[in-house]
Amino acid sequence: MDMKKMMKQAQRMQMQLNKAQEEVQAMTCEGSAGGGMVKAVVKGDMSLVSIEISPIVVVPDDVEMLQDLVVAAVNDAMREMNMTAQAHIDAATGGMNLPLR
């Protein structure tokens, strides 16, 4: 293969990767726990955007359960974002399985 052609291909892939990474930063994913009683939204940069808690699970005598649900919902949102972001990056790079930044 021609070296000049390979360089152009690499530059094109780098541009696609950069664009995909920018798009991932703008994405959000939601996770939930307790059958949707606690919901968390995470951005592509893995920052927590919001938490929604149903009043039903706010039991003053069982704060530990609520804490566990919040942690589970945030972790679920982060897992979802990781999978979504990796799929988006893989699509942009032709499945070369490059790691996320």
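This passage walks through the fold of the protein chain, from its overall layout to its strands, helices and cores.

The structure is a predicted model, in which local features need pLDDT of at least 70 and side-chain atom pairs count only at pLDDT 80 or more, while totals for chains, interfaces and linings use all residues. Residues are numbered from 1 along each chain as its sequence is written, and side-chain values use heavy atoms, with hydrogens and water left out.

The protein chain holds two helices and three strands, where helices (H or I, at least four residues) and strands (E, at least two) are DSSP runs numbered from the N terminus. Read from the N terminus on, the order of these elements is α-β-β-β-α. The radius of gyration, taken over C-alpha atoms, is 19 Å, well over the 13 Å that the globule rule gives for 101 residues, so the protein chain is more spread out than a compact globule. That rule is 2.2 Å times the number of residues to the power 0.38. Along the principal axes, the C-alpha atoms fill a box of roughly 70 × 20 × 15 Å. Buried residues (under 20% relative accessible area with a 1.4 Å probe, protein chains only; exposed is over 50%, partly exposed in between) make up 25% of the 101 residues.

The strands come next. Strand 1 (28-33) and strand 2 (38-43) run antiparallel and are joined by six bridges; two strands pair if DSSP finds at least two bridges between them. Thr28 has Lys43 of strand 2 as its bridge partner. The hairpin of these two strands has four residues between them, and Gly34 there takes a positive phi near 65°. Strand 2 also pairs with strand 3 (residues 48-53), in the antiparallel sense and over five bridges. Within strand 3, Ile53 is the bridge partner of Val38, and Ser50 is that of Val41. This second hairpin likewise has four residues between its strands, with Met46 at a positive phi near 70°.

The helices can be followed in turn. Helix 1 (3-26) has 24 residues and reaches 35 Å from its first C-alpha to its last, close to the 34 Å expected at 1.5 Å a residue; the expected span is 1.5 Å times one less than the number of residues. Leu17, Ala20, Gln21 and Val24 are buried in helix 1, and its buried residues pack against helix 2. Helix 2 (63-92) has 30 residues and reaches 44 Å, close to the 44 Å expected. Its buried residues, including Met81 and Ala85, pack against helix 1 and strands 1, 2 and 3. After helix 2 comes Gly94, with a positive phi near 70°.

Strands and helix meet in the largest nonpolar core, whose eleven residues include Ala33, Val42, Val57 and Leu69. A nonpolar core is a set of buried Ala, Val, Leu, Ile, Met, Phe, Trp, Tyr and Cys residues joined through side-chain atoms within 4.5 Å. Strand 2 and helix 2 are the elements that give two or more residues to this core, and the largest share, six residues, comes from helix 2. Apart from this core lies another, of six residues, among them Ala20, Val24, Ile89 and Ala92. In soluble globular proteins, nonpolar side chains tend to be buried together. Ala40 belongs to the largest core; leaving aside neighbours within four places in sequence, Ala40 is in contact (heavy atoms within 4.5 Å) with residues including Cys29, Leu48, Ile51, Ala73 and Ala77.
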